[in-house]
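Welcome to a set of short exercises on reading a protein model. Keep the structure open beside you, try each task, and then follow the solution step by step.

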Amino acid sequence: MTGQELINCFRELAQDRVVPYLWSDDWILEQLNEGEREACDRARLLFDDSTPAVTRLDIKAGQARYAIHPKIIDIQNAFFVQLGVGAPLHLAILDRRELDWRQTREWRSQRGVPNALIHDGDCSVTLAPPPSVDGQLRLETYRLPVEDFTLGSDPEIAEQHQRNLVSWALFRAYSIPDADGQNQQLAALYHDRFESYFGRGIDARKRRFQRANQPHANKLW
């Protein structure tokens, strides 16, 4: 469905068919795009292992920390490809505490071929140990849409999910503190519909938990 088709669906459900509209096309489109970002964040709808700007990073010897694409919300797998050597090396995705336990704290200063990746919460990753050779980092990720859709283009998520974005736009519309449009009951109804389809919102603590080391293992001393 194009952005215009989704707006038409919104107007039918909101009974906002007569000019002047309560909500403009531009405003509704903005909320639909916000809804797509929310849906991707909650339900992990966009898997990407092939977009070069998102999933490929050139690695330089001696540099451990790299900025990643800001639309990445989770890294499922990571591989290091050493220049001149064919087979990609799978990297364990761990946090700093786990690395300290597995490799001792010397991993920060030792250089070598990376065997682990830290996904920090500030749109960056750190290779461990710091690389002693040039190479390429290849990522398998879940991400947000790279670009907003327009009146004439479709959302990036699959078509079977697209109509459900209207629930988010209606939730936003009925939440505006305005005498003509505000309706807290309808706002709650459409928020619940969106949440029942795409899942609950993810707060910072839950996101950090999702990035925790997998699989978990009992540590025996």
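**Exercise 1. A bridge between two strands**

At 39% relative accessibility, does Arg65 count as buried, partly exposed or exposed?

*Solution.* Step 1: know what you are looking at. This is a predicted model, in which local features need pLDDT of at least 70 and side-chain atom pairs count only at pLDDT 80 or more, while totals for chains, interfaces and linings use all residues. Residues are numbered from 1 along each chain as its sequence is written, and side-chain values use heavy atoms, with hydrogens and water left out.

Step 2: apply the cut-offs. Buried means under 20% relative accessible area, exposed means over 50%, and partly exposed is in between (1.4 Å probe, protein chains only). With its 39%, Arg65 counts as partly exposed.

Step 3: find the partner. Arg65 forms a salt bridge with Asp120, and their closest N and O atoms are 2.9 Å apart. A salt bridge here is a side-chain nitrogen of Lys or Arg within 4 Å of a carboxyl oxygen of Asp or Glu. Side chains of opposite charge can pair when their charged atoms come close.

Step 4: place the pair. Arg65 is in strand E3 (residues 65-67) and Asp120 in strand E6 (residues 116-120), so the link joins distant parts of the chain, 55 residues apart. Helices (H or I, at least four residues) and strands (E, at least two) are DSSP runs, numbered from the N terminus. Asp120 is buried, with a relative accessible area of 13%.

**Exercise 2. More salt bridges**

How many salt bridges does a search of the whole structure find? Which residue meets Asp74 in one of them?

*Solution.* Step 1: the search finds 13 salt bridges.

Step 2: Asp74 meets Arg44, at 2.8 Å from N to O. Asp74 lies in strand E4 (residues 72-82) and Arg44 in the loop between H2 and strand E1 (47-48), so this pair ties together parts that are 30 residues apart in sequence.

Step 3: compare the surroundings. Asp74 is buried at 7% relative accessibility, whereas Arg44 is partly exposed at 22%.

Step 4: look at the backbone of Arg44 too. This residue is not a glycine, yet it has a positive phi of about 50°.

Step 5: try another bridge. Asp48 and Arg143 meet through their side chains at 2.8 Å, N to O. Asp48 is in strand E1 and Arg143 in strand E8 (residues 135-143), 95 residues apart. Asp48 counts as buried at 3% relative accessibility, and Arg143 counts as buried at 6%.

**Exercise 3. Rings that pair**

What is the arrangement of the rings of Phe10 and Trp23?

*Solution.* Step 1: recall the rule. Rings of Phe, Tyr and Trp (its six-membered ring) pair if their centres lie within 6.5 Å; planes under 30 degrees apart count as stacked, over 60 as edge-to-face and the rest as tilted. The structure holds 8 aromatic pairs.

Step 2: use the values. The centres of Phe10 and Trp23 are 5.5 Å apart and the planes are at 85°, so the pair is edge-to-face.

Step 3: place the rings. Phe10 lies in helix H1 (residues 3-14) and Trp23 in the loop between H1 and helix H2 (25-43), so the pair ties together parts that are 13 residues apart in sequence. Both Phe10 and Trp23 are buried.

Step 4: turn to another pair. Tyr197 and Phe198 are edge-to-face, with 4.7 Å from centre to centre and 80° between the planes. Tyr197 is partly exposed at 39% relative accessible area, but Phe198 is buried at 4%. Ring pairs link these two with Trp168, Phe171 and Phe194 into a cluster.

**Exercise 4. Around the loop after H1**

Where does Gln15 lie, and what is the sign of its phi?

*Solution.* Step 1: Gln15 lies in the loop between H1 and H2. Its phi is positive, about 55°, although Gln15 is not a glycine.

Step 2: Gln15 is exposed, with a relative accessible area of 63%.

Step 3: Pro20 is also placed in the loop between H1 and H2. The peptide bond from Val19 to Pro20 is cis, with omega near 0°.

Step 4: finish with Arg11, which is linked with Asp16 and Asp25 in a network of salt bridges.
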